Amino acid sequence: MPEIKNLMDKLVSLCKRRGFIFQSSEIYGGLNSCYDYGPLGVELKRNLKDFWWKAMVQTRDDIEGLDASILMHPRVWEASGHVANFTDPMIDCKICKARFRADEIKPEKAGQCPRCGNKDSLTEARNFNLMFKTFMGPVEDAANVVYMRPETAQGIYVNVYNVMQAARQKIPFGIAQIGKAFRNEITPGNFTFRTREFEQMEMQFFVKPGTDMQWFEYWKEQRIQWYDELGIRKSKLHFHEHTPEERAFYAAAAFDIEYEFPFGWKELEGIHNRTNYDLSKHQEFSGKDLSYFDDQTREKFIPYIVETSAGCDRTLLTTLIDAYDEDVVEGEARTVLHLSPRIAPIKAGIFPLVKKGGMPEAAEKIYHELKKHFHVFYDDGGAIGRRYRRMDEAGTPFGITIDGETIENQTVTVRDRDTLAQERVASDKLLVYMQEKMAAYKRKE
Ligand code: ATP
């Protein structure tokens, strides 16, 4: 696929026009870095989360699901180090009042504001905590401060033995969770790439010390494979190993899965060997024994944790960027999203060729039948080419046309969004046809 000029601008406008993603509170001028998912966006997001959940929880015997609350005991964030260390060094411009992350100021331009260009207008770097604070109960004082969780992982750590006992699991096993996280990012941007409210899809795998690196390698492979199955082009993905400066001091190993965005290679997911740091800290701060007793080897230890931490909104944005394409079909320009049928918001468009000759009735019958299984869309308005193009832009993999032949021999035409090939399929075989095509789908480079 050739590179597309101004891809991000085109995508933002497509997202609004077709109802994938809107700016939050738009009629009030918008709230910076907050976004709302429209009808197509919410379907895509649900499908994406289901795809993750299926791979990480439902098809495995060694991972359990969890949905922990966003607000947690404030001591959790002291134990985790977030109160003291979850900070970004930030620099302000004294003239134009713009705020930057210290690493955004190029060393050769030290002291000069990247926005207004004034020299010697920047403050020294100061640490800024990224956690959102609020108050629990009616009194707004320091004793009632609670934090909006900046990651979902801590909800998993503090529940490890609840889950283990309830689900009768033994180490090695994992806990997975999808949920909102909040970070008061200094410089959000690139549409939904970095926002202040976002969803994470995290899995924490608890293992015996000494087996941690084996599990780390296993999860690295599993996770990169997942993006392939999600339909992201392989050539756009790679691993980035954390340098010693990037890596948390307690981590034994850390790799990111990165995607080549139009604005550079950036992190999609972090895979970390967190050692026994998290449970040791919670043991220290809670005073509860968080060690595990292995009844086969009679050993007692604090489990090591291998974490896979992905961003849901960031992955959704990646699926859109990776899918976006422009081409010419029958002499007309078209915009198409090559989304995997597994996550596409609408699986098929159903089109009676004309509004007579029994075609609408036959089309409606097919529509109601398929609707029991998939999200499908009925469209009888306008020329067939235009109807196809509207569905191409929404990433709909199949176009089903009901024509004169349908009435004679109960077959329909199925058009493939990517190859544009048209096949005649018996109406009563449509469901199986679509299921087989979806299962066999492979993204082209
Ligand atoms: P970054 O370096 O991009 O700030 P991070 O290393 O702080 O990310 P983690 O704490 O490892 O990120 O979070 C795990 C995942 O959560 C990231 O890989 C990303 O997909 C997602 N994520 C983190 N911060 C944001 C954000 N502000 N907006 C959207 N997604 C985010």
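In the predicted model, the chain is divided into three parts: domain 1 (7–83 + 134–319), domain 2 (87–129) and domain 3 (346–440). The centres of domain 2 and domain 3, taken over C-alpha atoms, are separated by 56 Å.

The ligand is surrounded by 16 residues, of which Phe198, Gly270, Ser309, Gly311 and Arg314 come nearest. Several elements each supply at least two residues of this shell, namely strand 10 (197–207), strand 13 (264–273), strand 16 (304–311) and helix 9 (312–323). The most is given by strand 13, with four residues. By residue class, the shell around the ligand comprises eight charged, five polar and three nonpolar residues.

The start of the chain was examined next. Helix 1 covers residues 7–18, and its end C-alpha atoms lie 16 Å apart; this agrees with expectation, because 12 residues at 1.5 Å a residue should span 16 Å, the expected span being 1.5 Å times one less than the number of residues. Just after helix 1, a positive phi of about 80 degrees is taken by Gly19.

Asn6 is found in the segment before helix 1. This residue, Asn6, has 10 C-beta neighbours inside 10 Å and therefore counts as exposed, the cut-off for that class being 12 or fewer. Between Asn6 and Thr419 the separation is 413 residues in sequence, and the distance in space is 25 Å, C-alpha to C-alpha.

How values were computed: Residues numbered from 1 in each chain as written. Predicted model: local features only at pLDDT ≥ 70, side-chain atom pairs only at ≥ 80, totals over all residues. Near = placed C-beta within 6 Å. Nonpolar A, V, L, I, M, F, W, Y, C, P; charged D, E, K, R; others polar. Domains from an automatic or database assignment. Buried ≥ 20, exposed ≤ 12 C-beta atoms within 10 Å, placed from the backbone.
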